[in-house]
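Thank you all for making the time this morning. I would like to walk through one structure slowly, for those who have not seen it before, so please have it open in front of you.

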Amino acid sequence: KRQVSTQSTGLLSYCLRMKTTTTCNFTGFKIYPGHGVIFVRGDSKNFRFIDAKSASLFHQRKNPRKVAWTPAYRRAHKKGLVEESQKKKARKIVKVERDIVGASLAAIKAKREQKPEVRQASRDAALKEAKERKKAAQAKKSTTAKKPAASAAASTQAKAPKPAKVKAAKPKPGKGGR
């Protein structure tokens with residue numbers, strides 16, 4: 001019977017010792033344990049870089065979307081997206097007719113199928129009715145407005161002017177108040 005030691009250099013022990021991967025703050029590549037550089041800024045924020053090249057570019061304040069070999073550049077400039085563009089298909093536009101408030105779909109279709117002469121005649125009749133209603137309302141307003149106008153003129157002549165108010169003199173602040 002042979003015992004398997006946990007300190008063997010086999011693949012199993014490597015997988016057990018391996019921690020999770022992190023991503024490079026500049027490139028976005030995976031950084032495996034034991035690799036990369038960590039930069040700690042003055043405000044205690046950690047930045048992890050896969051190599052000195054990406055750390056240098058970060059310190060030079062370069063934009064990863066403008067550095068051609070980074071995945072951010074490829075994403076921004078739509079490189080290598082052939083497979084994804086084939087998957088996307090244009091949706092067919094389906095036209096749906098719906099009711100409008102105050103009119104059902106059947107009523108709308110019936111009006112649409114009317115002949116232009118019938119539609120024009122109904123429009124003229126509706127306009128004529130609206131004009132008659134407006135005239136009647138205006139005539140009613142003019143008769144009610146004439147009566148109070150005459151009485152209002154008489155009442156203004158009967159009123160006497162009000163006497164002007166006299167304001168009391170206020171003491172100035174800081175000059176013998178309380």
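Let me begin with K78, which is exposed because its relative accessible area is 67%, and the cut-off for that word is over 50%. This residue sits in the loop between α3, which covers 71–76, and α4, which covers 82–87. I point it out because of its backbone: the phi of K78 is near 55°, a positive value in a residue other than glycine. As background, most residues other than glycine have a negative phi. Please keep in mind throughout that what we are looking at is a predicted model.

There is a second residue of this kind, S44, which is not a glycine and yet has a positive phi of about 70°. S44 belongs to the loop between β3 and β4, and with a relative accessible area of 58% it is exposed.

Let me step back to the chain as a whole. It has six helices and four strands, and if you follow the elements from the N terminus on, the order is α-β-β-β-β-α-α-α-α-α. Of the 178 residues in the chain, buried residues make up 8%. If we take the contacts with a separation of 6 or more, then 23% of these are accounted for by residues 24 or more positions apart.

Which residues, then, can we look at as examples of burial? One of them is S54, which lies in helix α2, residues 52–59. Its relative accessible area is 0%, and because buried means under 20%, S54 counts as buried. Setting aside residues up to four places away in sequence, S54 touches C24, F26, T27, F49 and W69. The side chain of S54 also makes a polar contact with the side chain of D51, at 2.9 Å. If you would like a distance to check on your screen, the C-alpha atoms of S54 and G36 are separated by 9.9 Å, and these two residues are 18 residues apart along the chain.

Another buried residue is T70, again with a relative accessible area of 0%, and this one is found in the loop between α2 and α3. A polar atom of the T70 side chain lies 2.9 Å from the backbone oxygen of V67. Leaving out neighbours within four places in sequence, T70 is in contact with F26, T27 and P64. You may have noticed F26 and T27 in the list for S54 as well, and they appear once more here for T70.

Let me turn to charged pairs. How many salt bridges does the count come to? The count comes to two. In one of them R41 pairs with D43, and the closest N and O atoms are 3.1 Å apart. R41 is partly exposed, at 37% relative accessibility, whereas D43 is exposed, with a relative accessible area of 51%.

The other salt bridge joins R133 and E129, with the closest N and O atoms 3.4 Å apart. Both residues lie in helix α6, residues 116–158, and because they are four residues apart there, about one helical turn separates them. R133 is exposed, with a relative accessible area of 55%, while E129, at 45% relative accessibility, counts as partly exposed.

Finally, I would like to come to the open space in the model. Rolling a probe the size of a water molecule over the atoms shows where empty space is left. The largest pocket holds about 160 Å³ of space. Which residues of its lining lie nearest the centre of the largest pocket? They are T22, Y32, P33, H35 and R48, out of 14 lining residues. The elements that give two or more residues to this lining are β3, 37–40, and β4, 46–49. As for the character of the lining, its residues divide into six nonpolar, six polar and two charged.

To close where the strands meet the loops, you might look again at β3 and β4, which contribute to the lining of the largest pocket, and at S44 in the loop between them. I am happy to go back to any of these residues on the screen.

Technical notes. Residues numbered from 1 in each chain as written. Predicted model: local features only at pLDDT ≥ 70, side-chain atom pairs only at ≥ 80, totals over all residues. Heavy atoms only, no water. 1 Å grid on protein atoms, 1.4 Å probe; cavity = no way out; pocket = protein on both sides within 12 Å on 5 of 7 lines; lining within 4 Å. Points joined across faces, edges and corners; volume = space filled by probe spheres on them. Nonpolar A, V, L, I, M, F, W, Y, C, P; charged D, E, K, R; others polar. Buried < 20%, exposed > 50% of the residue type's maximum accessible area, 1.4 Å probe, protein only. Contact = heavy atoms within 4.5 Å. Polar contact = N/O pair within 3.5 Å; in protein donor to acceptor, adjacent residues only side chain to side chain. Salt bridge = Lys/Arg side-chain N within 4 Å of Asp/Glu carboxyl O.
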